[in-house]
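Work through these exercises with the structure in view. Try each task before you read its solution.

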Amino acid sequence: MTDGSTLSDACGSAEHVPTLLDRFESDPSGAWSELMDHLYPQLDTAFSASFATLPRLAELASGRSAEDRRWVLLAA
């Protein structure tokens, strides 16, 4: 992902998004809600960080169990 400090999310600067993605990678169902609050708070609004996370989310989806892949695809 591009340097988060140059991107924005629902809360302003997206500098924390890489760390949030790391947490999401470890526990997709546990971090999904917080990730959505930052990237797609109303499900019809996207931010520069929303688009910048797509390559990482695609990477996370590959090789996952069906249950974990579901959370990743919902985040994309």
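**Exercise 1.** Find the residue whose side chain makes a polar contact with the side chain of Thr45, and describe the surroundings of Thr45.

Solution.
- Step 1. The partner is Asp44: a polar contact of 3.2 Å joins the two side chains, Thr45 and Asp44. Bear in mind that this model is predicted.
- Step 2. Place the residue. Thr45 sits in the loop between α2 and α3.
- Step 3. Look for contacts beyond four places in sequence. Thr45 is in contact with Leu39 and Tyr40.
- Step 4. Judge the exposure. The relative accessible area of Thr45 is 29%, so this residue is partly exposed. The class runs between the 20% and 50% limits.
- Step 5. Check a distance. Thr45 and Glu15 are 30 residues apart in sequence, and their C-alpha atoms are 19 Å apart in space.

**Exercise 2.** Is Gln42 buried or exposed? Say also where Gln42 lies.

Solution.
- Step 1. Gln42 belongs to the loop between α2 and α3.
- Step 2. Its relative accessible area is 61%. Exposed means over 50%. Gln42 is therefore exposed.
- Step 3. Take the C-alpha atoms of Gln42 and Ser5. They are separated by 22 Å, with their positions 37 residues apart along the chain.

**Exercise 3.** Which residues does His38 touch, not counting residues up to four places away in sequence? Find its polar partner as well.

Solution.
- Step 1. Start with the element. His38 is in helix α2, which covers residues 28-39.
- Step 2. List the contacts. His38 touches Asp9, Ala10, Cys11, His16, Leu20 and Phe47.
- Step 3. Pick out the polar partner. The side chains of His38 and Asp9 are joined by a polar contact of 3.1 Å.
- Step 4. Classify the residue. Buried means under 20%. His38 has 12% relative accessibility, so His38 counts as buried.

**Exercise 4.** Describe Met36, which lies in helix α2. Cover its exposure, its contacts and one distance.

Solution.
- Step 1. The relative accessible area of Met36 is 6%, so Met36 is buried.
- Step 2. Leave out residues up to four places away in sequence. Met36 then touches Pro41, Leu74 and Ala75.
- Step 3. Turn to Ala66. Met36 and Ala66 are 30 residues apart in sequence, and C-alpha to C-alpha they are 20 Å apart.

**Exercise 5.** Two arginines are to be classified. Is Arg56 buried or exposed? Is Arg70 buried or partly exposed?

Solution.
- Step 1. Arg56 lies in helix α4, residues 54-61.
- Step 2. Its relative accessibility is 18%, so Arg56 counts as buried.
- Step 3. Beyond four places in sequence, Arg56 touches Pro18, Leu21, Asp22 and Glu25.
- Step 4. Arg70 lies in helix α5, residues 66-75.
- Step 5. The relative accessible area of Arg70 is 40%, so Arg70 is partly exposed.
- Step 6. Add a distance. The C-alpha atoms of Arg70 and Asp37 are separated by 18 Å, and the two residues are 33 apart along the chain.

**Exercise 6.** How many helices and strands does the protein chain have? Go on to describe the whole chain.

Solution.
- Step 1. Count the elements. The chain has five helices and two strands.
- Step 2. Read their order. From the N terminus, it is β-β-α-α-α-α-α.
- Step 3. Test the compactness. The radius of gyration is 11 Å, close to the 11 Å from the globule rule for 76 residues, so the chain is as compact as a globular protein of that length.
- Step 4. Note the box. Along the principal axes, the C-alpha atoms fill roughly 30 × 25 × 15 Å.
- Step 5. Look at burial. Of the 76 residues, 36% count as buried.
- Step 6. Look at the contacts between residues at least 6 apart in sequence. Of these, 50% join residues at least 24 apart.
- Step 7. Turn to the surface. The chain exposes about 4200 Å², and carbon and sulfur atoms supply 52% of it.
- Step 8. Finish with charge. There are 5 positive and 12 negative side chains, and the centres of the two sets lie 8 Å apart.

Definitions and conventions:
Residues numbered from 1 in each chain as written. Predicted model: local features only at pLDDT ≥ 70, side-chain atom pairs only at ≥ 80, totals over all residues. Heavy atoms only, no water. Helix = DSSP H or I, 4+ residues; strand = E, 2+ residues; numbered from the N terminus. Buried < 20%, exposed > 50% of the residue type's maximum accessible area, 1.4 Å probe, protein only. Polar contact = N/O pair within 3.5 Å; in protein donor to acceptor, adjacent residues only side chain to side chain. Contact = heavy atoms within 4.5 Å. Rg over C-alpha atoms; globule rule 2.2 N^0.38 Å. Areas by Shrake-Rupley, 256 points an atom, 1.4 Å probe, with all protein chains shown as cover. Lys, Arg positive; Asp, Glu negative; His and termini not counted. Charge placed at Lys NZ, Arg CZ, Asp CG, Glu CD.
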